[in-house]
Amino acid sequence: MDLTVRVVLADDDALVRTGLRLILGGDPAIEIVGEAGDGLAALELIGREAPDVVLMDIRMPRMDGLAATRALQERGDPARVIVLTTFDTDDMVLTALRHGAAGFLLKDTPPAELVAAILRVANGDPMLSPSVTAQLIARVIRAPDDRQQRAQALLGRLTERETEVAIAIGRGLSNAEIAAELFMGVATVKTHVGHLFTKLDAANRVHIARCIHDAGLA
């Protein structure tokens, strides 16, 4: 990489772009090579100027920042995108990262941290603001509980007998083995299994077993 990091600013607010230019323009390691007010203009500018890093707003006319980031990924553009926004919902962060963003920062990021983030991303390292990192960690931590709650809600649709059959399926038993263990006919087991497919929105026995596992009944 060159000693100077080439940066494009993509934001529909001219005042925000001016502020970013003032913040970044005084750093000898950064060169602002262009500005764009919407996603489509940003794609054209990036293709023409080949920047190292793009500061990309999310809410923009014609094409938003997430769609523009995805378009860069799809065309194999080497520019590394830092999403810079006032919004930091879990879904928005994850969507940006899935679309190829190398960083996600809030617009209230202090100037020194913004400069450091640009240099870090230009060197190939990802960068997330502390609040975003905390949100993602919290999402990972609570994910098992969410799965358990969903599985338990699904199992709440079952009768007691259907739950017994589902648990047996979760243990890997065949219909014949379930019939022998629960003292019922194989045809009756098949009927219960059919009900499980419907009530648990399951496509196969593996899905039923997974639901039992997620609910903590395995």
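**Exercise 1. Which residues line the largest pocket?**

Before we start: this is a predicted model, so to speak, with local features needing pLDDT of at least 70, side-chain atom pairs counting only at pLDDT 80 or more, and totals for chains, interfaces and linings using all residues. Numbering runs from 1 along each chain as its sequence is written, and side-chain values use heavy atoms, with hydrogens and water left out.

*Step 1.* Get the term straight: on a 1 Å grid over the protein atoms alone, a pocket is an open set of points where a 1.4 Å probe fits, with protein on both sides within 12 Å along at least five of seven lines, and lining residues have an atom within 4 Å of a point.

*Step 2.* Read off the lining: Arg147, Arg150, Ala151, Leu154, Leu200, Asp201, Ala202, His207, Ile208, Arg210, Cys211 and Asp214.

*Step 3.* Assign elements (DSSP runs numbered from the N terminus: helices are H or I, at least four residues; strands are E, at least two). α6 (130–155) and α10 (205–214) each supply at least two lining residues, and α10 has the largest share, with five.

*Step 4.* Sort by chemistry: six nonpolar, one polar and five charged. The space inside comes to about 180 Å³.

**Exercise 2. Work out which way α8 faces.**

*Step 1.* Pick the buried residues (under 20% relative accessible area, 1.4 Å probe, protein chains only). In α8 (residues 175–182) they are Asn175, Ile178, Ala179 and Leu182.

*Step 2.* These residues sit on the same side of α8 because they cover an arc of only 100 degrees around the axis, taking directions from the helix axis to the C-beta atoms. The general rule: an α-helix has 3.6 residues a turn, so residues three or four places apart point the same way.

*Step 3.* Look for the cover, using contact (heavy atoms within 4.5 Å). It includes α7 (160–170), α9 (186–199) and α10.

*Step 4.* Check what follows α8: Phe183, with a positive phi near 55 degrees.

**Exercise 3. Find the nonpolar cores and place Val83.**

*Step 1.* A nonpolar core is a set of buried Ala, Val, Leu, Ile, Met, Phe, Trp, Tyr and Cys residues joined through side-chain atoms within 4.5 Å. The largest has 25 residues, and Ile46, Val54, Met56, Val83 and Phe104 have the most contacts inside it.

*Step 2.* Elements giving this core two or more residues include β1 (5–10), α2 (39–49) and β4 (80–85). A second, separate core has 22 residues, among them Ile169 and Val193.

*Step 3.* List Val83's partners, skipping residues up to four places away in sequence: Met56, Ile58, Ala96, Ala101, Gly103, Phe104 and Leu105.

Conventions: Grid points are joined across faces, edges and corners, and a volume is the space filled by probe spheres set on the points. Ala, Val, Leu, Ile, Met, Phe, Trp, Tyr, Cys and Pro count as nonpolar, Asp, Glu, Lys and Arg as charged, and the others, Gly among them, as polar. Buried means under 20% relative accessible area, exposed over 50%, partly exposed in between (1.4 Å probe, protein chains only).
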